[in-house]
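Me: I am new to this structure and would like to understand how its labels are earned. Could we go through them one at a time?

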Amino acid sequence: MGKKYCDMLSKVKADDQFKKDLIAFLEENQQTHRVNRRYIMNQNRKRWVAVTAAALALLACTGVAMAVLHTNMGAKDNGVQFSNDYPQYVEKVTGQVIGDQDADPGASPSPKTELEKLDLQTNGDGIQVALESYLCDEGFLDLQFRVKISGEKLDAFRSEENSDWEVPLTYLSFNDPVMERDGVKYVQQGGANYTLNVDGQDIWLRGRTAQSIDKVGAGEYVIQQMWFLGEDVLGSKDTFHISLGSTAIGLGENCISMEGGFDLSVSKSKAAAATSVITLKDNSWSPRPGVTKTVEKVSQTPLQSIFRIRSVYTGVSSEQLNIDSWDYLVYQANGQAQAAYSARTAAEIVYADGTAEQLTDPGEYDFSRQHFEGATFITEEIIATAPVSGSVVLRAYDSDYAPDYRMTVAAEYQVDLSAGTVAAKTVDTIIYDAGTGEMDDEYSVFYKLRYGQDVSETQGNQAQAFLDEWMRTHGGELVSELD
């Protein structure tokens, strides 16, 4: 199923974090299938089971579409939007190129034996990776790369049955060493780039990365790799150094190591000089008993408006830990909706005895291996959108994947940026239910802004058929440690 697997993953339109988890899941199990081993899953965490269930549900409604070119900075399919002034803050980068300096996608390939083709499929020959520019403000660091794959490299993947097919680039990975098991190479995080080295320190950023891969020509791709690097990571730093090592390319189903990496000093000082902070008045709101949420402040950068929300959950236990994980749109005073990027930037649990534990991975927690009651769970999240002013509304969307995919408007924050006030309320209105097929106009708006296409143009049956086929082929290999 090689070509079909690559084709489908290159076209899936879904949340980037969700898609990265799905790719990692498919990649790991595809490797397992090829080396004839059984993939052992931890039943307690249930992570990959949840990813699979969510994939079947979400892709059934989000569907498959041809990738949309993004010639500008920003991973827009992840809700990332900047002001129209962003070109003034883009910094060009020169001299940062690794791999084959002469890689030419248009060059005519020379004849190769099947053994030579197989060798070319798995090594770094014929691949060039160049870091071209960066954009940095209080909210994000965005690096733009260009990858070129030589004509000979592309030809090595073709077969007589389909001589026009071109193997797709599926990811560009950093700081995730290439592993090998029974002759199969892979990166553990599936190219999600969760680790970034900042000033010599490895920072774990799961749930705070986004990557766009745009094909701009035969064998040529532009990649936007983004990280959210807020004050919790950088503190008061305006200038910092990043290191990207263990470079790897996902080319079709192959994970290919590259020699070398990238080191770059970046600065947000230009954006920081034009940034102001609005501290919002006390606006603690309780959507349900035991939960309070506060929109604490808004950072107004020349590129974005960044809202920061603090949530406190009291009386939680290891048996019941109901933590909200919402997506957002921002509505301006005239009712016009605009996309937003959201991420959890910090999470802390305080146990009943006063012991506090700061989670190194704010977006991932599993307390099923320990027992506790009466704890307090505290989270911090950001919502970043193209600059807004005056009175705006944050609409919070909650997704549920069982028994059928369903989206609900969970809450609404009315924020007056001029007065520095917030009024919040619970909404709890279903806008899409895959079980009944009912869809509200608001879901169409959300989908368009979140995924960059009209919901009516999706072809979910293709994604569903692909995943059904994959599960029939490989599902028997998934077993629990407890089986």
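Me: How many bridges join strand β22 (residues 337-350) to β24, and do the two run parallel or antiparallel?

Reply: In this predicted model, 10 bridges join β22 to β24, and the two strands run antiparallel. Among the residues involved is Val-350, whose bridge partner in β24 is Thr-376.

Me: What makes β20 (residues 305-316) and β24 a pair of strands?

Reply: Two strands pair if at least two bridges are found between them, and β20 is joined to β24 by 10 bridges, so the pair qualifies, with the strands running antiparallel. Within β24, Glu-381 stands opposite Ile-309.

Me: Why is β24 (residues 375-385) described as mostly covered?

Reply: The description rests on a count of buried residues, and in β24 that count is 10 of its 11 residues.

Me: Why is Thr-170 called buried?

Reply: Buried means under 20% relative accessible area, and Thr-170 has a relative accessibility of 13%, so the residue counts as buried. Thr-170 has its place in strand β6 (residues 169-173), and, leaving aside residues up to four places away in sequence, Thr-170 touches Ile-213, Gly-250, Leu-251 and Gly-252.

Me: Is Thr-94 buried or exposed, and how do you know?

Reply: The term exposed asks for over 50%, and the relative accessible area of Thr-94 is 73%, so Thr-94 is exposed. Thr-94 lies in the loop between β2 (90-92) and β3 (97-99). Although Thr-94 and Glu-132 are 38 residues apart in sequence, their C-alpha atoms are 6.5 Å apart in space.

Me: How do you know that the buried residues of α8 (residues 441-451) line one face of the helix?

Reply: The buried residues of α8 are Glu-442, Tyr-443, Phe-446, Tyr-447, Arg-450 and Tyr-451. Seen down the axis of α8, these buried residues fall within an arc of 135°, so they line one face of the helix.

Me: What caps the N-terminal end of α8, and what follows just after the helix?

Reply: The cap is Asp-440, which has a side-chain oxygen 2.8 Å from the backbone nitrogen of Glu-442. Just after α8 comes Gly-452, with a positive phi of about 75°.

Me: Which residues of α4 (residues 114-122) are buried, and why can they be said to line one face?

Reply: In α4, the buried residues are Lys-117, Leu-120 and Gln-121. Viewed down the axis of α4, they fall within an arc of 105°, so they line one face of the helix. Their cover includes α5 (151-156) and β15 (254-257).

Me: What makes a set of residues a nonpolar core, and which residues have the most contacts inside the largest one?

Reply: Such a core is a set of buried residues of certain kinds, Val, Leu and Phe among them, joined through side-chain atoms within 4.5 Å. The largest has 39 residues, and those with the most contacts inside it are Val-129, Leu-141, Leu-143 and Phe-145. Apart from it lies another core, of 22 residues, among them Ile-278, Ala-396, Ala-411 and Val-422. In soluble globular proteins, nonpolar side chains tend to be buried together.

Me: What share of the protein chain is buried, and how many helices and strands are there?

Reply: Of its 483 residues, 54% count as buried, and the chain has nine helices and 29 strands.

Key
Residues are numbered from 1 along each chain as its sequence is written. This is a predicted model: local features need pLDDT of at least 70, side-chain atom pairs count only at pLDDT 80 or more; totals for chains, interfaces and linings use all residues. Side-chain values use heavy atoms; hydrogens and water are left out. Buried means under 20% relative accessible area, exposed over 50%, partly exposed in between (1.4 Å probe, protein chains only). Helices (H or I, at least four residues) and strands (E, at least two) are DSSP runs, numbered from the N terminus. The arc is that of the directions from the helix axis to the C-beta atoms. A polar contact is a pair of N or O atoms within 3.5 Å; within protein, one must be able to donate a hydrogen and the other to accept it, and residues adjacent in sequence count only if both atoms are side-chain atoms. Contact means heavy atoms within 4.5 Å.
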